[in-house]
Amino acid sequence: MSIRRRGTAAGAALALSGAGVLLGLAASPAQAAEVSYATHCVPPAGISPIDGTTKVEITAPATAKVGDTVDVVWKFVQAASKNPDIIDLPANSVQPSGILKAAGAQAADIAMQGTRTNPAIPKGGAMVLSDMKGSIKLTTAGEVTLTPDAYTVNAMSTDTKCTPKETVQKAAAIQVTGGGGGGTSSPTPTPSTTPTPSATPTTTASPTATGGNGQTDYTGKEVQVPYACKTPIGDKNATSPVQINARRNGGNFDLTVQFKKSVMNSPADIPKGSVKPSMEVVLGGADKGTVHVEGPTNAKDIKSGDPIEIPDLTGTYKPGASGTSTLSPGVLTIKALGTTTTCTPTKTEVSLTLDTSRQPGGASGGTSTSGGSTAGGSGTSGSGGLAETGASDHGALKALGLVAGTAILLGGAVFTFMPKRRTR
């Protein structure tokens with residue numbers, strides 16, 4: 001009995017050992033190798049190029065068969081630079097993408113994509129970039145080498161492009177054997193795309209406004225306004241559709257300025273109460289000067305991927321002259337997180353024309369209101385060289401370099417504001 005037990009135990013051990021050998025022969029363990037290389041990064045205008053060292057770790061299967069589709073991972077051990085001493089970067093505001101070069105038995109550019117996942121990064125802090133993933137279908141037997149190449153860092157819709165300054169050493173290799181075929185495919189991550197703005201709704205101008213016949217509501221015409229914007233990171237140009245409406249309030253007019261375009265998604269989390277827009281409406285015709293209008297700050301936190309809107313801008317116009325006065329969109333200012341962007345129209349477009357009677361305080365006495373009245377249906381219209389309305393390929397006004405940071409590791413951040421669509 002004792003001898004028989006020993007034989008049984010020995011046989012079991014031998015069987016387990018043999019199974020282990022078989023498993024070892026069948027497995028294709030992942031390998032990870034690190035390389036470092038000098039890198040030149042070009043951020044958006046307004047920030048100097050950056051030269052630094054990128055350290056990358058590439059993980060890939062050690063062996064595979066022809067026909068297999070294998071997954072590879074690019075891990076940033078070290079980015080080429082730290083976050084500049086400009087502004088803190090919020091969590092989940094930076095996304096990397098890049099190219100991994102396959103060579104040897106098979107040549108290919110493997111598209112790599114990371115997620116927009118990062119901790120909050122203080123000014124001067126080390127950049128933390130998410131792992132990038134991609135896949136390649138193996139078509140030829142032999143050794144396939146993997147070498148990191150150029151990559152791009154995106155933050156708040158702005159790209160910083162980084163390229164090697166020297167020959168980069170291979171970071172991993174896959175030994176590909178013939179036969180097999182039919183490996184399970186893993187789709188290559190598809191880079192996210194910016195939503196395409198919807199067409200601008202077409203508006204029909206009403207007859208010129210008059211102050212008589214008990215009329216109280218005046219609807220302006222939507223005009224396309226080209227802006228030149230001064231931002232903390234440089235100059236930018238953008239075009240936005242704007243409409244000015246009015247409601248008579250005694251001898252004054254309550255103004256409502258609407259930015260009309262389809263919404264776009266936020267590229268990062270934005271805390272409530274952090275964005276404050278305002279505008280100086282330009283007076284012409286019989287009256288001169290400007291009227292200050294402003295909108296409320298965002299009342300709720302805006303999560304990454306949620307729509308961003310520019311609210312109605314409201315204020316009170318006190319006429320400084322009697323006669324026919326025109327109102328046109330003027331300088332737009334957006335303040336957020338301690339930074340200011342100022343956008344000035346490069347061409348004046350009249351949105352609304354009113355018959356006015358001079359009031360105490362005049363045009364310069366106009367004041368903004370927090371709520372404002374929404375202009376209603378009957379009434380009026382703009383005149384004087386109005387821009388053509390309808391569909392436009394221009395993006396809505398971009399308030400640049402503001403929300404959730406104005407600069408990133410390798411460049412400046414750009415935040416795109418898209419006003420909400422109006423329901424008529």
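Asn-92 sits in the loop between E4 and E5. I should say at once that we are looking at a predicted model. In this model Asn-92 has a positive phi, about 60°, although the residue is not a glycine. Its relative accessibility is 27%, and therefore Asn-92 counts as partly exposed, since the buried class ends at 20% and the exposed class begins over 50%.

The two strands that flank this loop lead us to the interior. Strand E4 covers residues 69–78 and strand E5 covers 94–104, and each supplies at least two residues of the largest nonpolar core. The same holds for E1, E2, E6, E7, E8 and E10. That core has 37 residues, among which Trp-74 and Leu-146 touch the most other members. Strand E8 gives the largest share, namely five residues. There is also a second, separate core, with 31 residues, including Tyr-227, Val-242, Phe-253 and Leu-332.

I turn now to the covalent cross-links. How many disulfides does the structure hold? There are two. One of them is formed by Cys-41 and Cys-162, with the sulfur atoms 2.2 Å apart. The torsion about this S-S bond is about 115°, so the disulfide is right-handed. Cys-41 belongs to strand E1 and Cys-162 to strand E9, residues 158–164, so the bond ties together parts separated by 121 residues in sequence. Both of these cysteines, Cys-41 and Cys-162, are buried.

The other disulfide joins Cys-229 to Cys-343, at an S to S distance of 2.1 Å. For Cys-229 and Cys-343 the S-S torsion is about 110°, and the disulfide is therefore right-handed. This pair, too, links distant parts of the chain: Cys-229 is in strand E12, residues 223–231, and Cys-343 is in strand E22, residues 339–345, with their positions 114 residues apart. Cys-229 and Cys-343 are likewise buried. If the bonded cysteines are numbered in sequence order, the pairing reads 1-2, 3-4.

Finally, I would draw attention to Lys-335, which has its place in strand E21, residues 332–336. Which residues does Lys-335 contact once its neighbours within four places in sequence are left aside? They are Ser-274, Val-275, Lys-276 and Thr-340. With one of these, Lys-276, the C-alpha to C-alpha distance from Lys-335 is 5.2 Å, although the two lysines are 59 residues apart in sequence.

Key: Residues numbered from 1 in each chain as written. Predicted model: local features only at pLDDT ≥ 70, side-chain atom pairs only at ≥ 80, totals over all residues. Heavy atoms only, no water. Core = buried A, V, L, I, M, F, W, Y, C linked by side-chain atoms within 4.5 Å. Buried < 20%, exposed > 50% of the residue type's maximum accessible area, 1.4 Å probe, protein only. Helix = DSSP H or I, 4+ residues; strand = E, 2+ residues; numbered from the N terminus. Contact = heavy atoms within 4.5 Å. Disulfide = S-S within 2.5 Å.
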